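Trainee: I have a new model open on my screen and would love to go through it with you. Could we take it one question at a time?

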Amino acid sequence: MSAVEVFIPGQTATGDNSLPDLDCKEAIDAMVYGFYRRLLDDPEMAPVFFEVAKIDLGKHLPVICQYWHKMLLGDRSYQRHMMQKHRDLDDQLPLTGVHHERWLGHFMANLEGRFAGPNTDRARRLAARIMDNLYLQLQTRRTDSF
């Protein structure tokens, strides 16, 4: 069962309505930083970021925060093309279904018990859609190049 299959909109495992929603930049930033703590503690995912992509967290995390500000709040400060960055990364290390599932699993687990509400539900749906589209586009690109 994947992280998406156990998600029920409007419900958290604890049913705690006192959790913050992802309805302001501060909450989104906390979500992004917590998510990256999880990703970078994962022995399968950390090398993708540090050894292959060679990200500078001081530069990367604010950009990712801007991306989620755009996706959840409509902020227009993020103007990059996310897909090209991932194509470039995929050229160095093919991003597999394992990467897809782990990324999405960490994203969902990071929200669980920390955030709840309509924007949190929207973030779950967006993350699943974004990851599915990214994975499909990268797979199609690889098979089309043969």
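Trainee: Let me start with a cysteine: does Cys-24 count as buried, partly exposed or exposed, and why?

Mentor: Happy to help, and keep in mind that this is a predicted model. Buried would need under 20% relative accessible area, and exposed would need over 50%. Cys-24 has a relative accessibility of 28%, so Cys-24 counts as partly exposed.

Trainee: And what about Cys-65, buried or exposed?

Mentor: Use the cut-off of under 20% for buried again. The relative accessible area of Cys-65 is 4%, so Cys-65 is buried.

Trainee: How many disulfides does the structure hold?

Mentor: A disulfide is a covalent bond between the sulfur atoms of two cysteines. To count here, a pair of cysteine sulfur atoms has to lie within 2.5 Å. The number of disulfides in the structure is zero.

Trainee: Now the fold: which elements make up the secondary structure of the chain, and how many are there?

Mentor: Reading from the N terminus, the elements run α-α-α-α-α-α. The tally for the chain is zero strands and six helices.

Trainee: Which helix has the highest confidence?

Mentor: Across the chain, pLDDT averages 88, and 87% of the residues score at least 70. Confidence is lowest in helix 4, residues 82-92, with a mean of 90. The highest value, 97, belongs to helix 1.

Trainee: Where does pLDDT stay under 50?

Mentor: Look at the start of the chain. The model has 12 contacts beyond four places in sequence for this stretch, and pLDDT stays under 50 there: residues 1-9.

Trainee: How are the rings of Phe-35 and Tyr-36 arranged, and why?

Mentor: The structure has eight aromatic pairs by the distance rule used here. In the pair of Phe-35 and Tyr-36, the ring centres are 5.5 Å apart and the planes meet at 80°. Planes over 60 degrees apart meet the cut-off, so this pair is edge-to-face.

Trainee: What is the arrangement of Tyr-67 and Trp-68?

Mentor: Tyr-67 is buried at 12% relative accessibility, and Trp-68 is buried at 3%. Their rings lie 5.6 Å centre to centre with 90° between the planes, an aromatic pair that is edge-to-face.

Trainee: Which residues form the aromatic cluster?

Mentor: Both pairs we discussed belong to it: Phe-35 with Tyr-36, and Tyr-67 with Trp-68. Phe-35 and Tyr-36 are buried too. The full cluster is Phe-35, Tyr-36, Phe-49, Tyr-67, Trp-68, Tyr-78, Trp-103 and Phe-107.

Notes: Residues numbered from 1 in each chain as written. Predicted model: local features only at pLDDT ≥ 70, side-chain atom pairs only at ≥ 80, totals over all residues. Heavy atoms only, no water. Buried < 20%, exposed > 50% of the residue type's maximum accessible area, 1.4 Å probe, protein only. pLDDT = per-residue confidence, 0-100. Helix = DSSP H or I, 4+ residues; strand = E, 2+ residues; numbered from the N terminus. Contact = heavy atoms within 4.5 Å. Phe/Tyr/Trp six-rings, centres within 6.5 Å; stacked < 30°, edge-to-face > 60°.
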